[in-house]
Structure formats: C-alpha cells, structure tokens
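Thanks, everyone, for making the time. I would like to walk through one model today, and I will ask you to keep the structure open while I talk.

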Amino acid sequence: MRTLPAAGALGLGLLAAPAQATVRLPRLVSDGMVLQRDQPLHIWGWAAPGEAVQVAFRGQTARATTGPDGRWQVQVPAQKAGGPYELKVKGSNELTVRDVLVGDVWLCSGQSNMETPVSRVRDRYPEVVAQANNPRIRQFEVPLTYAFSGPRADVTGGSWVSTTPQSVLKFSAVAYFFAMDLQAKYNVPIGLIKDAVGGSPAEAWLSADALKQFPKYEEQGAKYKDSTLVAGIKQREGAAVADWYRRLHQTDQGEQPGQPKWSAPGYDASSWATMSVPGYWADKTPLGPVNGVIWFKKEVDVPAAMVGQPARLELGTLVDADSTYINGQLVGTTGYQYPPRKYDFGPDVLRAGKNVITVRLISNGGRGGFTPGKEYRLVAGGQTIDLKGDWQYKLGATLPPTPGTTTFQYQPGGLYNGMIAPVLPYAVKGVLWYQGESNAGHPQDYQALLTSLIGDWRSHLQRPALPFVYAQLPNFMAVKKEPSESGWAALRDAQRRTLAVPHTGMATLLDVGEWNDIHPQDKKTVGHRLALAAEKTAYGDKQVVAAGPLFQSAHATGNKVTLTFADPGSSLVAKGGGPLTGFAVAGEDKKFVWAQARIEGDKVVVWSDQVPHPNAVRYAWADNPENAALYNKAGLPASTFQTDAL
C-alpha cells in the first residue's frame with residue numbers, strides 16, 4: 001500500500017469537514033460496503049491536523065498523516081472479489097468497518113426513473129420481491145442534498161443495505177434488475193450507489209468546471225451561491241404556498257365548520273353532478289380547467305365475501321393531490337400526481353352492501369382529474385369491483401394555480417456539489433445513468449450536456465475510460481397518427497449520438513414505456529438491457545448482442561434511401577414478422593410523410609412515392625412511436641434516429 005497526499009489528491013476540491021481529534025470516515029466507508037475489485041482503492045477520512053493514521057485491510061497496512069485541512073487518504077492495492085472482510089483504521093482512536101465485500105460497484109444516477117424504488121413495481125414482480133434474499137447485492141442510497149458554495153466533503157446520510165424482501169423495496173428498481181443480471185453472470189458481489197433525484201436536469205449534475213462550457217447554465221446557477229438570497233427565496237415562496245393552502249382549506253365548502261363534512265359517511269350527495277371516470281374535468285364537465293378542490297364520490301355495493309379482510313383501493317394516478325376516504329375513514333393520501341394510488345387498508349373499513357368512496361382532489365395547476373388508461377378498482381377476498389364509470393362530483397373551492405417555487409435541486413451544479421463530489425473518491429466499475437425527461441424541452445443542448453457530464457465525472461475520478469452506460473428515453477404520451485416534431489425523439493437522437501463518446505453503452509427502450517405514465521412499470525427490461533450494454537462496455541464481452549440496430553449511414557439513389565446499421569445483432573427483422581413501419585421521409589421542404597421500407601440483408605431501403613427527391617429520413621420520430629418495428633433477431637429494438645441532409 002502507498003500513502004497519497006493528504007488532501008485534494010483526486011483534484012476534487014472538496015470542502016474540508018471540520019477537523020476533529022478523532023479519526024472519522026466518510027459515510028460510504030462503513031459496515032456492509034462493497035469495494036471495487038481489480039482497481040486501486042482510495043480510503044479517506046478526517047482527523048486532527050498532523051495526526052498519523054494507518055489503514056489495515058487483508059493483511060496489508062497503509063499509513064498517512066492528516067493535512068492542515070484535517071483530511072487524510074491512503075491507497076489500497078487492487079483486490080480480487082470476495083469477502084466478507086474487515087477494514088481497520090487507527091489514529092488516536094480505532095475504527096473497524098465490518099462485513100466488507102469486494103466486487104463491482106456501480107454509481108446509479110439520473111432522475112426519477114432511476115430513483116423509482118422496487119416498492120413502486122412490487123405488484124408487477126411479486127416473486128422477485130419475495131425471493132430477494134441476496135447479501136451479495138447491496139445498495140447505498142445518497143440522500144437528496146444540493147450545494148452551491150462548492151463541493152461537499154461528505155454525503156449527508158445513508159448506509160449500506162443488503163437485499164432482503166423488506167429492504168429491496170427501497171432499492172432502485174432499474175439498478176436492482178441490472179444488478180441481478182450481472183451478479184448471476186459474473187458471480188461477484190454488486191454494490192449500487194443510488195444517487196438520483198426525481199425531475200433533475202442534466203446540468204444539475206455538472207461540476208463548476210464543466211458548467212463553464214455552458215454560460216447560460218453557469219449564470220443561472222451562480223446567483224444561488226448567495227446563501228442569504230436562497231434563504232430569502234425559500235421563505236417568500238414557502239409563505240406564498242402555505243397561504244395558498246390556507247385559503248384553499250378556508251374556502252373549501254366540503255370542510256366548512258358547523259356543517260357536515262363532505263367526507264362524512266352519512267353525507268347526502270344525491271344532488272351532485274356526475275362525471276365519467278377516468279378523465280379530466282376540463283374535458284368532461286362544465287367546470288372547465290379550474291384549479292382548487294373538486295370532491296368526487298362513488299357508491300358501490302360490496303358483497304359479504306369481500307368484508308372482514310384486508311383490502312386495496314386502486315385509483316390509477318390522480319392529478320394532482322388527493323385525500324381518499326371509504327365510509328368516512330381516510331384510507332390514503334398522496335401529495336402529487338405521479339405515484340400510483342394503491343391504498344391498502346384493514347378489514348374493518350368495508351361493510352356488506354352500500355359503501356361510499358370519497359376523493360378530495362386538489363388541482364394545483366393545469367388539468368386535474370383521473371388519468372385515463374389506468375386501473376380503478378376495489379379489491380378484497382379475491383374479488384374485484386370496477387370503479388370506472390359515473391362518479392358524482394362537486395366543486396369545493398376555486399383558486400388560481402399554486403404560486404411557483406424555485407426547485408433548488410434542479411439548479412445547475414447543485415447536485416454535483418451535494419451528491420456526486422462526495423462520492424467520487426470511491427472506486428467504481430462504472431456509471432449507470434437514466435435521465436433526460438427534464439431536458440426534453442430543449443433537446444438541442446443535450447448531446448453537449450451529456451458528453452460534458454461523462455468527461456467531467458471521468459476527469460474527477462481520474463478514469464478516462466470509465467464505462468458509462470445509460471438508458472434512452474422510452475415511449476411516452478399520446479400516439480400521433482402523422483409524422484410530427486417531438487422533443488422526446490430529438491432527445492433520444494441526442495442520446496444515440498452520444499455513443500460517439502468511447503466506452504459508452506445505451507439501452508433502447510422504445511417498447512417499454514407507457515403512454516400515460518412517465519414512470520413505466522417495466523423496470524426489468526430496462527435493467528436487463530442496461531446489463532447487456534454493461535457486459536459489452538464494462539466487461540469486454542465481445543459475444544453479447546448488447547443493443548439493437550444502430551443507424552450508421554444513408555445513401556440516396558433516385559427516390560430511395562438505403563440505410564446501413566452498425567452492430568445489427570444477428571441481422572435485421574421487422575417486429576412480429578409484420579410490415580417494416582416507423583420510417584418517415586422528407587424532401588427539401590422538410591415535410592415528413594410516412595415511408596415504405598423493406599429489409600435487404602443488413603440494410604433498410606426507404607421510400608415514398610410522395611417524395612421524389614428525399615433529403616432526410618427519420619425513424620421512430622415521435623413521443624410515442626408505436627409503429628417502430630425495426631429490431632434485430634436478438635429481440636432488441638433499433639434506436640430513434642434522424643439522418644443528416646442527404
């Protein structure tokens with residue numbers, strides 16, 4: 001083992017933690033941790049300035065002396081996979097880190113589809129949850145923290161957790177399925193550092209150095225370095241939102257003092273109007289696009305066989321926040337639109353015969369209601385009551401949309417400083433990235449942003465060839481019948497083009513999304529395809545078919561365009577053996593029309609009789625390209641792409 005300089009050895013510029021007289025370790029270096037195999041390992045921490053520290057691991061010892069900033073660091077030689085082991089640190093005090101495994105560690109970052117826990121998809125994968133007893137797959141969840149004054153020295157919390165049927169519910173679902181595949185194939189421990197924040201744009205994950213390439217974002221983030229300004233914004237905005245909810249409560253006719261609450265079990269709603277559920281009240285009622293509180297009620301007849309046992313109420317997803325009652329008892333509440341409403345409740349709520357379900361639904365801004373295409377049902381005793389159809393409704397209160405707030409964790413640089421910089425000294429196998437939804441409104445920036453982010457993290461880790469594997473955005477939103485512009489398609493194309501960066505891999509997900517949910521349930525396919533990409537990119541498996549066909553070049557002859565594809569993966573096929581659809585072609589006027597297409601060997605020929613002189617071809621160019629039919633024989637879909645001018 002060799003000693004490294006006491007501080008700043010990785011060029012991270014970390015803000016030093018307050019010096020203490022006792023040796024202290026970062027939270028990542030803790031019981032149950034997984035260390036990266038086959039790479040030199042950095043172990044670091046803090047103590048009194050000038051204090052001698054020694055680290056012992058597997059019969060070897062390294063020594064360091066703490067610098068003036070209170071930080072020390074040593075390098076441990078590369079280790080083979082194995083464990084459990086103990087790591088001992090000695091200074092003026094002694095620390096022992098127990099149950100240490102050596103295997104492969106993946107830094108799993110991005111926004112909500114990386115953050116989405118197994119608990120959100122447990123109904124889809126009950127056997128996976130029940131069988132999740134694998135101490136060789138572990139997760140460390142980095143708490144949400146943002147900082148603008150500079151990189152933080154340590155994460156604000158977290159611990160290493162082994163997989164059990166209970167603990168796995170908090171694991172990133174994408175990362176867990178990814179880890180299952182890798183662990184089964186390579187038979188080594190897998191450590192997951194879950195470091196993701198829902199809704200976060202790519203620029204929030206860039207360091208100050210990287211942001212210099214993007215003056216617009218650098219300027220946007222710079223003002224938040226003023227902590228007094230930030231505190232003032234939080235105070236003002238928080239007060240405005242609190243006042244909005246206070247006025248909402250005060251004016252809500254369903255909760256007025258001195259009269260029966262509309263949620264009460266005996267309340268008579270026979271005079272209320274009706275609306276067909278699911279749907280949005282702006283479309284289905286004379287109310288129009290109002291914001292505020294709308295109350296909904298539905299009377300259901302429950303057979304005796306469903307009574308006296310645990311039950312569940314499923315209400316799809318609701319826009320935006322709800323409090324839901326059955327027979328006057330609150331059975332669930334959710335504060336925003338995305339989580340599926342799956343409210344489990346006890347055996348004492350339902351009764352034989354008439355039962356009343358009441359939903360107090362708050363719309364903060366936009367179109368409130370019940371998301372179409374979801375399940376709306378009451379389940380108990382193996383029986384199900386369908387809740388779709390007519391519900392009674394009444395307006396409780398109307399207010400303007402909720403006052404806007406500053407989402408500080410989305411501001412440029414904040415998440416890098418708070419959640420990435422403190423982690424980067426920790427050796428990892430590679431990065432797993434699922435992000436882009438929040439950048440789809442300005443996709444023209446994304447290739448540069450993602451390329452910069454990859455280079456930025458590699459630079460700070462001093463790993464120029466660090467594997468970086470990422471998920472391409474899936475299909476989402478309503479299907480459009482004709483070719484049109486699409487921010488989601490443009491962002492997917494930017495993600496595809498980023499594969500030009502060496503040591504990167506991408507999972508194409510055009511067939512795993514849901515038109516009505518930005519958080520699709522099929523996380524197993526996502527994890528599996530990311531694992532395939534990692535097997536090739538990070539593990540050097542030359543035999544694996546890691547991706548679907550990737551557009552390489554286009555050549556026009558007459559009214560036909562011949563497309564070639566790199567790495568088609570055991571040849572091209574049309575999904576299900578049907579026609580090859582999903583292609584559009586345009587002439588100089590840039591007006592795209594659907595094109596005919598056929599496979600010729602490992603090429604695709606595209607044409608339209610409406611376009612005698614084609615200038616560009618698009619494939620799967622839509623928010624939700626349901627007609628994207630190009631795959632390889634390995635069952636992997638081709639990526640969205642747009643050719644350059646022909």
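I will begin with confidence, then turn to a helix pair, to some backbone details and finally to two loop residues.

What you have in front of you is a predicted model, and the protein averages a pLDDT of 95, with 96% of the residues scoring at least 70. The stretch to treat with caution is residues 1–20, over which pLDDT stays under 50, although the model does have 67 contacts for these residues beyond four places in sequence. Where pLDDT is low, the predicted coordinates should not be read in detail, and I will leave that stretch aside.

Let me move to the helices. Two packed helices are described by the angle between their axes and the distance between the axes. Here the pair is α3, residues 173–186, and α11, residues 523–537, which pack at an angle of about 50 degrees with their axes 7 Å apart. That angle is neither under 35 degrees nor within 65 to 115 degrees, and so α3 is oblique to α11. The crossing of α3 and α11 is right-handed.

Which residues of α3 and α11 meet? From α3 the contact takes in Ala173, Val174, Phe177, Phe178, Asp181, Leu182, Lys185 and Tyr186, and on the α11 side these meet Lys523, Lys524, Val526, Gly527, His528, Leu530, Ala531, Ala534 and Glu535. By character, the residues of this contact between α3 and α11 divide into 10 nonpolar, two polar and five charged.

Now to the backbone. Most residues other than glycine have a negative phi, and most peptide bonds are trans. Against that background, a cis peptide bond joins Gly83 and Pro84, with omega at about 10 degrees, and Pro84 belongs to strand β7, residues 82–90. A cis peptide bond also joins Val319 and Asp320, again with omega of about 10 degrees, and Asp320 sits in the loop that runs between β16 and β17.

For phi, there are two residues I would like you to look at. Asp38, in the loop between β2 and β3, has a positive phi of about 60 degrees although it is not a glycine, and with 41% relative accessibility Asp38 counts as partly exposed. Asn187, in the loop between α3 and β11, has a phi near 55 degrees, likewise a positive value in a residue other than glycine. Is Asn187 buried or exposed? Its relative accessible area is 56%, which is over the 50% cut-off, so Asn187 is exposed.

I will finish with two residues in loops. Val290 lies between α7 and β14, and because its relative accessible area of 18% falls under 20%, Val290 is buried. Leaving out residues up to four places away in sequence, Val290 touches Trp281, Ser363, Gly366, Leu395 and Thr398. Between the C-alpha atoms of Val290 and Val55, which are 235 residues apart in sequence, the separation in space is 63 Å.

Pro401, for its part, is in the loop between β24 and α8, and at 48% relative accessibility Pro401 counts as partly exposed. With the same sequence neighbours set aside, Pro401 touches Trp244, Asn291, Asn364 and Gly365. Pro401 and Thr537 are 136 residues apart in sequence, and their C-alpha atoms are 47 Å apart in space.

That is where I will stop, and I am glad to take questions.

Conventions
Residues numbered from 1 in each chain as written. Predicted model: local features only at pLDDT ≥ 70, side-chain atom pairs only at ≥ 80, totals over all residues. Heavy atoms only, no water. Axes fitted to C-alpha atoms, helices over the stretch in contact; angles between N-to-C directions. Helix = DSSP H or I, 4+ residues; strand = E, 2+ residues; numbered from the N terminus. Parallel < 35°, antiparallel > 145°, perpendicular 65-115°, else oblique. Left-handed = near helix turned anticlockwise from the far one by under 90°. Contact = heavy atoms within 4.5 Å. Nonpolar A, V, L, I, M, F, W, Y, C, P; charged D, E, K, R; others polar. pLDDT = per-residue confidence, 0-100. Buried < 20%, exposed > 50% of the residue type's maximum accessible area, 1.4 Å probe, protein only.
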